[in-house]
Amino acid sequence: MSSTIIVIGHRNPDNDAISSAVAYAYLKNAVAARDAADGCEPDRYVPARLGPLPPETAGVFGRCGIEAPRMIGHVHARVSDVMTRNPVSINRHATLLEAGRMLRKHNIRALVVTNDDGTYRGLVTTRMIAERYISATDVLTQGSSQDAVAADLIASLDQAVDEILETEVLVLDAEVILKEAIDDLMASPLREAVVLDDDGWAVGIVTRSDVAVRPHRKVILVDHNERRQAAPGIDEAEVVEIIDHHRIGDVSTVNPIRFLNLPVGSSATIVALEFQREGIRIPADIAEILLSALMTDTVILKSPTATPTDERIAAYLGEVLGVDPMEFGMGVFKLRGGDEHMPIDKFVGADAKEFQVGDSVVLIAQHETVDLQSSLAREREIRAEMRRLLEAGKYEFVLLMVTDIIAEGSQFLCEGNRKLLNRAFGISCTGRGGTWMPGVLSRKKQVAARILGS
């Protein structure tokens with residue numbers, strides 16, 4: 001039986017997290033189709049994201065004609081993961097005889113009863129039909145003859161299901177977290193619940209037997225391997241693979257998995273290497289999103305995280321597209337638009353990651369720009385947003401790196417306990433103006449690593 005596997009990047013996704021997830025899902029589907037045994041349906045890999053598309057991602061995807069991956073809020077098991085899809089249904093005018101025959105034919109205990117337009121009306125179950133016949137025998141104690149009871153039972157075969165259907169049925173949404181629906185199902189007088197879509201059509205049935213064994217959604221993590229950066233519900237999911245270029249974190253698995261962690265500048269580089277290893281040709285649209293992710297994550301190959309491997313893959317993807325990688329990368333950065341009009345919550349928090357430092361948690365955000373002065377002109381509102389995040393997340397401090405990719409450095413703005421930051425870098429970052437850090441472009445290698453090691 002085939003499975004559906006979610007391929008997903010980290011929270012507050014950047015271009016690399018989203019683009020690499022889409023490209024890797026494409027590769028996994030191509031490999032699964034190639035390697036599937038005759039007559040067997042291959043597993044299906046579905047890209048997803050945990051936040052909005054960055055402007056450059058939206059721009060490149062739109063230019064390529066690639067559909068944005070679906071945004072999800074969690075990887076908890078849902079009602080849709082256990083429900084019986086496309087339940088057998090019967091029109092409300094059908095007879096009990098027709099209902100009984102359908103129940104027997106399909107070896108099921110409940111039928112969805114529909115209105116004339118096909119929308120959901122109620123349920124008819126084997127239990128309800130049995131109770132109808134058992135209740136008929138009650139008249140024997142009231143003096144009626146067996147022949148009269150038999151005649152009543154025979155006549156009931158032509159009775160419309162609309163006359164006995166159950167309408168007080170628990171109705172669920174397919175996307176509801178399963179553990180939140182179980183208590184309601186167990187408390188329901190019926191053993192079944194019906195799942196409706198937005199138009200009132202029955203798309204599934206859930207029984208108490210269905211929830212006896214809790215399912216685990218299968219997930220491939222891309223561009224991260226720490227629980228704080230993963231989707232809510234990751235502890236309930238089954239992580240089947242990890243593709244990453246960051247430090248090894250705290251995601252654990254029950255079974256051995258494929259964990260590909262390479263010291264390169266982007267996850268896009270690793271995905272491109274996997275295309276080459278599998279011998280799968282990279283289509284132009286996939287090559288374009290991979291090159292855009294590689295160039296943004298390595299700051300056009302200027303970041304200290306960039307390696308000769310990144311340079312080689314960038315050149316290779318440039319050849320596929322017939323473009324100069326450096327010029328292409330600058331064009332991608334320009335898709336971000338002007339800093340002066342960007343909503344402040346996106347300016348500060350669009351690319352932010354949490355890190356555990358001892359017993360505390362810090363938030364390190366990064367905003368890359370080609371116009372540092374326009375960005376710093378908004379310092380007052382930037383710091384107000386940083387203080388809001390500081391209080392909401394109970395962080396030890398919030399650090400924003402405003403990275404100038406032209407000048408090749410970052411302006412540090414910090415709110416919270418600046419002593420930890422100042423001690424780690426030997427600087428005097430204050431609450432006004434911040435501190436210019438020449439040559440500092442990488443959050444992972446030059447900032448987080450130093451703070452975590454201080």
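Helices (H or I, at least four residues) and strands (E, at least two) are taken here as DSSP runs, numbered from the N terminus. On that numbering, Asp198 sits in the loop that joins strand 9 (192-196) to strand 10 (202-207). The model is a predicted one. The points below cover an acidic surface patch, helix 1, and a selection from the 30 salt bridges that the structure holds.

**Negative surface patch**
- Asp173, Asp197, Asp198 and Asp199 together form a negative patch on the surface.
- Asp198, one of the patch residues, has a relative accessibility of 78% and counts as exposed, because the cut-off for that class is over 50%.

**Helix 1**
- Helix 1 covers residues 15-35, which is 21 residues.
- The distance from the first C-alpha of helix 1 to its last is 30 Å, close to the 30 Å expected at 1.5 Å a residue.
- Of the 21 residues in helix 1, 15 are buried, so the helix is largely enclosed by the rest of the structure.

**Salt bridge Arg34 to Asp35**
- Arg34 and Asp35 form a salt bridge in which the closest N and O atoms are 2.9 Å apart.
- Arg34 has a relative accessible area of 42% and is therefore partly exposed, a class that lies between the 20% and 50% limits.

**Salt bridge Arg336 to Glu368**
- The side chains of Arg336 and Glu368 meet in a salt bridge with an N to O distance of 2.9 Å.
- This pair links distant parts of the chain, 32 residues apart: Arg336 is in the loop between helix 10 (325-334) and helix 11 (344-349), and Glu368 is in strand 15 (residues 360-369).
- Arg336 counts as buried because its relative accessibility is 17%, and Glu368 counts as buried because its value is 9%.

**Salt bridge Arg443 to Asp351**
- A salt bridge joins the side chains of Arg443 and Asp351, at 2.7 Å from N to O.
- Arg443 belongs to helix 15 (residues 443-452) and Asp351 to the loop between helix 11 and strand 14 (352-357), so the pair ties together parts that are 92 residues apart in sequence.
- With a relative accessibility of 7%, Arg443 counts as buried.
- Asp351 is also buried, at a relative accessible area of 15%.

**Salt-bridge network**
- Lys28, Arg34, Asp35, Glu241, Arg258, Glu274, Arg277 and Glu278 are joined into one network by salt bridges that share partners.
- Among the members of this network are Arg34 and Asp35, the pair with closest N and O atoms 2.9 Å apart.

Technical notes. Residues are numbered from 1 along each chain as its sequence is written. This is a predicted model: local features need pLDDT of at least 70, side-chain atom pairs count only at pLDDT 80 or more; totals for chains, interfaces and linings use all residues. Side-chain values use heavy atoms; hydrogens and water are left out. Patches are made of residues with over 30% relative accessible area and no salt bridge: like charges are joined within 9 Å, nonpolar side chains (Val, Leu, Ile, Met, Phe, Trp, Tyr) within 5 Å. Accessible areas come from the Shrake-Rupley method with a 1.4 Å probe; for residues, only the protein chains shown count as cover. A salt bridge is a side-chain nitrogen of Lys or Arg within 4 Å of a carboxyl oxygen of Asp or Glu. Lys and Arg count as positive and Asp and Glu as negative; His and the chain ends are not counted. The place of a charge is taken as NZ of Lys, CZ of Arg, CG of Asp or CD of Glu. Buried means under 20% relative accessible area, exposed over 50%, partly exposed in between (1.4 Å probe, protein chains only). The expected span of a helix is 1.5 Å times one less than its number of residues.
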